[in-house]
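Here are my notes after a look through the model you sent over. I've kept them as numbered points so you can follow along with the structure open.

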Amino acid sequence: SGTKLKWILDRIPGARERARRGELLFGTVDSWIIWNLTGGLHVTDYTNASRTMLYNIHELRWDPEILEWLDIPAEMLPEVRGNAGDFGALRPEILGRAIPIRGVAGDQQAALFGQACYEPGMVKSTYGTGCFVLMHTGAQAVHSQNRLLTTIAWGLDGQVEYALEGSVFIAGAAIQWLRDELGLIRTSAESEEVAARVPDSGGVYLVPAFSGLGAPWWDMYARGTLVGLTRGTSRPHIVRAALDAIAYETRDVVSAMARDAGVEIQVLRVDGGASANNLMMQFQADILDIPVERPARVETTALGAAYLAGLSAGIWPDRQAISEQWSMDRIFRPAMDAERRSRLYEGWLRAVERSRGWIQGEE
């Protein structure tokens with residue numbers, strides 16, 4: 001959001017001067033919510049601050065050099081606090097009493113916490129409109145050599161821990177596209193039943209680069225590509241290819257994480273709406289060649305925020321107690337032979353290359 005803030009200050013007459021006088025404030029969504037709930041407390045947390053482009057995740061302060069580059073007054077920025085702590089209290093008139101706000105976290109970091117990924121090397125993937133894969137790296141901020149993002153995972157008891165993140169732009173949105181634009185399925189949930197009518201995608205690959213490719217490719221000029229079609233290609237083949245694409249995209253990111261961290265990833269924990277698709281989760285385990293664990297509660301973002309609040313309020317004494325709350329719904333174990341796994345993924349990489357750089361920069 002740093003460049004967007006600069007854009008506003010550059011274009012609204014007098015905005016920068018008003019910001020220096022403390023008349024204009026900047027914050028993320030959590031800051032706005034807290035401001036309204038508390039009646040004027042201007043704060044944020046480590047995870048949300050780390051995603052503004054303005055926060056130094058190593059020195060844990062708003063970066064004076066970046067603020068100078070962008071000409072953003074420090075006076076307008078919120079105070080940054082740990083993820084489990086005091087964020088004020090609700091104004092009594094909202095719910096009848098001053099309920100304390102004790103946990104705040106960004107979307108994917110909250111999901112990582114909710115999945116109880118508390119040991120370095122643990123990885124979770126959230127399947128929503130997009131797909132977000134995070135690896136906990138502990139006290140070490142791993143600088144990615146494979147085009148991933150280094151971010152703060154959370155800050156607790158004065159100690160900050162870090163994560164690697166890879167963001168896939170289109171995941172569940174590809175299934176919505178099949179439903180809303182192509183009419184190949186009536187509901188997103190139907191995708192599993194339709195795809196299961198065929199043993200595989202029949203050599204069809206869908207690269208859902210509808211708005212370019214995210215991690216680890218970062219190609220804004222890529223566009224969606226459907227390749228490998230034959231006269232025998234049917235509706236189930238295309239639906240199957242869309243589900244497979246989400247798993248392939250996740251492997252792209254997980255492989256990059258393993259190279260960055262120098263560890264062999266043992267298991268992937270999954271959550272989000274699309275994780276309910278058993279066919280896709282089995283293919284995810286097959287193409288990664290590691291077990292995939294789906295928890296009993298797949299809405300782990302909200303759960304992670306609740307865990308942070310409970311940790312601060314003393315409901316749980318430590319993370320070990322929270323980890324014991326985590327329960328598994330199902331584990332998907334890889335069952336694909338190595339030769340087929342390699343051949344399928346090589347086909348995916350060929351399809352990705354055909355999607356890349358499709359439009360010209362001037363367009």
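Which residue does Arg319 pair with in a salt bridge? Keep in mind that this is a predicted model, and start with that one.

1. The partner is Glu161, with the closest N and O atoms 2.8 Å apart. Arg319 sits in helix H13 (residues 319-323) and Glu161 in strand E8, so the bridge ties together parts that are 158 residues apart in sequence. On exposure, Arg319 counts as partly exposed at 24% relative accessibility, while Glu161 is buried at 12%.

2. Stay on strand E8, which covers residues 159-168, and find Glu165. This residue makes a salt bridge with Arg51, with 3.0 Å between the closest N and O atoms. Arg51 lies in the loop between helix H4 (46-49) and strand E2 (55-56), so this pair links parts that are 114 residues apart in sequence. Is Glu165 buried or exposed? It counts as buried, because its relative accessibility is 5% and the cut-off for buried is under 20%. Arg51 comes out as partly exposed, at 33%.

3. There is more around Glu165. Its side chain also has a polar contact of 3.1 Å with the side chain of Ser167. Beyond its neighbours within four places in sequence, Glu165 is in contact with residues including Gln108, Phe132, Leu148, Thr151 and Met257. Keep Met257 in mind for the core, where that residue is listed among those with the most contacts.

4. One more salt bridge to click on is Arg341 with Asp289, at 3.1 Å from N to O. Arg341 is in helix H14 (residues 338-355) and Asp289 in the loop between helix H11 (278-288) and strand E12 (292-295), so the pair joins parts that are 52 residues apart in sequence. Here the arginine is the buried partner, with a relative accessible area of 9%, and Asp289 counts as partly exposed at 42%. Elsewhere, Lys6, Asp10, Arg16, Arg20 and Asp71 are joined into one network by salt bridges that share partners. The count of salt bridges comes to 22.

5. Now the nonpolar interior. The largest nonpolar core has 56 residues, and the ones with the most contacts inside it are Tyr127, Leu178, Tyr248, Met257, Leu268, Ile287 and Trp348. Helix H10 (residues 235-261) gives this core its largest share, 13 residues. Another core lies apart from it, with 21 residues, among them Leu5, Tyr55, Met76 and Val160. As background, nonpolar side chains in soluble globular proteins tend to be buried together.

6. Leu268 is a handy place to look inside the largest core. Leaving out residues up to four places away in sequence, Leu268 touches a mixed list that includes Val123, Lys124, Tyr127, Thr250, Gln284, Leu288, Pro291 and Glu293. Tyr127 in that list is also among the core residues with the most contacts.

7. Not every residue of helix H10 is buried. Ala258 lies in this helix and counts as partly exposed, at 22% relative accessibility. What does Ala258 touch, not counting residues up to four places away in sequence? The answer is Val263 and Ile265. Asn146 is 112 residues from Ala258 in sequence, and their C-alpha atoms are 9.8 Å apart in space.

8. Thr47, in helix H4, is worth a click too. This threonine is buried, with a relative accessible area of 1%. Its side chain makes a polar contact of 2.4 Å with the side chain of Asp45. A polar atom of the Thr47 side chain also lies 2.8 Å from the backbone nitrogen of Gly106. Not counting residues up to four places away in sequence, its contacts include Asn83, Ala105, Gln109, Ile152 and Trp154.

9. Last, the outside. Leu25, Val29, Trp32, Ile33 and Trp35 form a nonpolar patch on the surface, and together they have about 540 Å² of accessible area. Val29 belongs to helix H3 (residues 29-38). With 62% relative accessibility, Val29 counts as exposed.

Key:
Residues numbered from 1 in each chain as written. Predicted model: local features only at pLDDT ≥ 70, side-chain atom pairs only at ≥ 80, totals over all residues. Heavy atoms only, no water. Patch = residues over 30% accessible without salt bridge, like charges linked within 9 Å, V, L, I, M, F, W, Y side chains within 5 Å. Areas by Shrake-Rupley, 256 points an atom, 1.4 Å probe, with all protein chains shown as cover. Salt bridge = Lys/Arg side-chain N within 4 Å of Asp/Glu carboxyl O. Helix = DSSP H or I, 4+ residues; strand = E, 2+ residues; numbered from the N terminus. Buried < 20%, exposed > 50% of the residue type's maximum accessible area, 1.4 Å probe, protein only. Polar contact = N/O pair within 3.5 Å; in protein donor to acceptor, adjacent residues only side chain to side chain. Contact = heavy atoms within 4.5 Å. Core = buried A, V, L, I, M, F, W, Y, C linked by side-chain atoms within 4.5 Å.
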